[in-house]
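Q: Please take a close look at one part of this model for me. I would like to see how one helix sits among its partners, and then how that part compares with a few other spots.

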Amino acid sequence: MTAQSSAPRTRSGPKTAPRKSGPVEIPQVLTVKDLADLTDTTPVEIIKRLMTNGIMAAQNQAIDFDTAAAVVTGMGMEPVPAEAAREDKADEDEFVDPPESLVVRPPVVTVLGHVDHGKTSLLDAIRKSRVAAGEAGGITQHIGAYQVSRNEKLITFIDTPGHAAFTAMRARGAQVTDIAILVVAADDGVMPQTIEAINHVKAAEVPMIVAINKIDLEQANPDRVKTQLTEHSVVIEEYGGDVIAVPVSAQTGQGIEDLLEAIILVSEVEEFKANPNREANGAVIEAELSPTRGATATFLVKGGTLRQGDAVVVGDISGKIKAMFDDQGNRIREAPPSAPVELIGLNAVPEAGDKFRVVKDEKTARQIVETGRRQREQTEQHARTHVGLDTVYSEIASGTLKELVLIIKADVQGSAEALRSSLEQLSTSEVRVKVIHTATGPVSDSDVMLAEASNGIIIAFNTRVDPSARKQAETSGVEVRSYNIIYQALEAIEQALQGMYEPVYEPRVDGHAEVRQLFKSSRLGTIAGSYVTDGTIRRQALVRVLRGKEELANTRCTGLKRFQDDVREVQSGYECGVTLDDFDKFEEGDILEFYHQERVN
């Protein structure tokens with residue numbers, strides 16, 4: 001052990017001098033030792049070169065691409081991004097399979113509808129139909145999705161009833177549903193949540209099948225349901241439309257076979273296909289932390305074939321699949337497209353809607369996850385930029401915005417419809433104003449999820465915004481605009497379309513810090529050792545440097561440190577080191593006022 005540690009290990013004999021030319025493929029994140037291996041030199045040599053650049057790092061410490069590239073360039077070599085570094089930008093939607101590689105796959109179905117209209121009962125009835133058909137295993141369901149066979153053709157059902165879960169997954173980029181079943185009770189008819197579900201399905205642009213449930217009840221009136229649906233642009237085949245409507249009873253089982261047949265029919269028309277002969281990708285249906293098995297997750301395979309032993313990247317998580325189970329709890333070794341599978345082997349619990357993909361090995365998976373984490377910390381911005389009134393015109397001019405999607409919540413239905421009609425008339429030849437949902441009541445979490453999934457703006461007219469919805473909108477970058485007068489809402493949208501909209505911002509102070517000690521850094525300049533006197537100061541916040549009554553600078557905070565650690569924020573009563581953009585002429589006693597700009601119109 002001692003002999004090994006006293007001499008550097010190599011792949012082909014002892015290292016003498018570094019290579020003097022040629023490209024070096026560098027991942028976005030790697031250790032000092034990894035860089036030594038790539039350049040055929042020793043970790044000590046790399047550490048020395050880092051020290052000359054003012055960077056102290058041990059051989060097992062991670063450094064980013066830019067730092068490594070500077071070292072490699074100084075050694076006379078050409079740094080290039082490694083394949084793994086490029087791979088971290090790959091997304092499951094970037095898989096382009098040759099047409100000849102595609103084969104028919106089972107459709108993936110989600111059930112939506114108003115509360116108490118029988119969504120769960122319908123899913124239970126479909127499960128029982130599987131058992132009645134002679135399949136083994138009883139009706140025990142082990143994971144949040146299952147498959148049913150109809151005439152030797154499989155159908156995958158996702159057991160997450162409700163448009164909130166459906167849209168939350170879409171908001172996270174996981175468009176896993178192929179067909180949506182809208183459940184409407186024959187005795188109750190179209191209700192507010194039914195309308196919401198219709199709008200969510202339309203926004204997802206997936207085929208819809210209407211299941212008119214509870215037809216066994218005396219007060220059932222399927223014809224009334226069909227008529228009500230036409231009022232919301234859902235026209236069934238019987239009335240000359242293209243939406244299949246199937247009368248069913250989840251209690252008696254009547255119509256269940258007809259519903260399955262309708263799903264098969266729609267899937268044959270749509271021709272859902274995938275390539276099973278490549279590395280798998282897909283989405284997380286549900287996940288939890290098991291006290292006995294650790295992190296477990298249910299994956300839905302979208303393309304490729306998932307196999308035991310595969311290394312996977314799931315959002316900010318990596319892992320290696322140790323074991324997989326089907327929806328009956330049977331252990332399996334591989335899962336084809338559209339198959340739901342429960343697995344263990346991830347190093348943490350992912351979120352529902354996170355996308356997964358298989359990569360070549362665990363090292364690559366860890367590099368991809370670490371690179372993504374570092375990039376997010378550097379930018380500290382939401383992964384997806386949502387449209388706002390102040391960005392509408394620039395996006396129209398660049399050709400990226402063809403539709404301005406709006407969601408309207410109002411105090412009464414009359415106001416909502418009047419606003420909808422007036423807003424849609426503002427459409428121009430460059431962009432169409434599209435209202436995808438109108439309803440009465442306060443802006444809810446569901447409205448924010450729909451706006452996030454559809455990249456839309458919420459218009460709240462004479463109604464409030466739920467606190468949880470406001471917080472969610474701020475987190476996800478969704479714009480919520482509140483108005484009390486119709487012409488003000490129309491004027492704001494019209495100005496945005498013409499590029500004349502100018503939002504008004506006001507500064508909001510977050511906290512203050514007093515400079516008490518100065519530190520010199522060859523790389524960063526002067527660091528202000530400061531004490532936070534009130535509030536909370538944050539990295540990337542705007543900062544005024546005040547000396548007495550004089551404002552010396554108005555800039556941005558580029559770094560916060562607590563001891564040797566980079567931190568995002570520091571609260572009142574704590575000390576920290578502060579660096580600012582383009583300013584380091586600090587003096588002891590200076591006051592740093594941290595603030596942000598808040599839009600007031």
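A: What follows starts with the whole chain, moves to helix 14 and its two partners, and ends with some single residues.

This is a predicted model. The protein has 601 residues, and buried residues make up 48% of them. Its secondary structure comprises 16 helices and 33 strands. Take the contacts between residues at least 6 apart in sequence: 72% of these join residues at least 24 apart.

Now to helix 14. It covers residues 445–454. One partner is helix 15, residues 467–476. The axes of helix 14 and helix 15 lie 8 Å apart, and the packing angle is about 20 degrees. Angles under 35 degrees count as roughly parallel, so helix 14 and helix 15 are roughly parallel to each other. The crossing of helix 14 past helix 15 is right-handed. Helix 14 brings Asp 445, Val 448, Met 449 and Glu 452 to this contact. Helix 15 brings Ser 468, Ala 469, Gln 472, Ala 473 and Ser 476. By class, the residues of this contact are four nonpolar, three polar and two charged.

Another partner of helix 14 is helix 8, residues 192–204. Here the axes are 10 Å apart, at an angle of about 15 degrees. Helix 8 and helix 14 are therefore roughly parallel to each other as well. Helix 8 passes helix 14 in a left-handed crossing. From helix 8, the contact residues are Glu 196, His 200 and Ala 203. They meet Ser 446, Leu 450 and Ser 454 of helix 14. The classes in this contact are two nonpolar, three polar and one charged.

Put the two contacts side by side. Helix 14 meets helix 15 through residues including Val 448 and Met 449. Helix 14 meets helix 8 through residues including Ser 446 and Leu 450. The crossing with helix 15 is right-handed, whereas the crossing with helix 8 is left-handed.

Next, the cysteines. The structure holds zero disulfides. Cys 557 is in no disulfide, and the nearest cysteine sulfur is that of Cys 576, 8.0 Å away. A disulfide needs the two sulfur atoms within 2.5 Å. Cys 557 is buried, with a relative accessible area of 0%. Cys 576 is likewise in no disulfide; its nearest cysteine sulfur is that of Cys 557. Cys 576 also counts as buried, at 7% relative accessibility.

A strand residue gives another buried spot. Val 359 is found in strand 21, residues 355–359. Its relative accessible area is 2%, which makes Val 359 buried. Val 359 and Val 313 are 46 residues apart in sequence. In space, their C-alpha atoms are 7.1 Å apart.

Finally, two loop residues have backbone angles worth checking on screen. Asn 151 is not a glycine, yet it has a positive phi of about 50 degrees. Asn 151 lies in the loop between strand 7 (145–150) and strand 8 (153–158). With a relative accessible area of 56%, Asn 151 is exposed. Glu 271 is not a glycine either, and its phi is positive at about 55 degrees. Glu 271 sits in the loop between helix 10 (256–270) and strand 12 (273–274). At 53% relative accessibility, Glu 271 counts as exposed.

Conventions. Residues are numbered from 1 along each chain as its sequence is written. This is a predicted model: local features need pLDDT of at least 70, side-chain atom pairs count only at pLDDT 80 or more; totals for chains, interfaces and linings use all residues. Side-chain values use heavy atoms; hydrogens and water are left out. Axes are lines fitted to C-alpha atoms, for helices over the stretch in contact, and angles run from 0 to 180 degrees between N-to-C directions. Helices (H or I, at least four residues) and strands (E, at least two) are DSSP runs, numbered from the N terminus. Angles under 35 degrees count as roughly parallel, over 145 as roughly antiparallel, 65 to 115 as roughly perpendicular and the rest as oblique. A crossing is left-handed if the near helix is turned anticlockwise from the far one by less than a right angle, and right-handed if clockwise. Contact means heavy atoms within 4.5 Å. Ala, Val, Leu, Ile, Met, Phe, Trp, Tyr, Cys and Pro count as nonpolar, Asp, Glu, Lys and Arg as charged, and the others, Gly among them, as polar. Buried means under 20% relative accessible area, exposed over 50%, partly exposed in between (1.4 Å probe, protein chains only).
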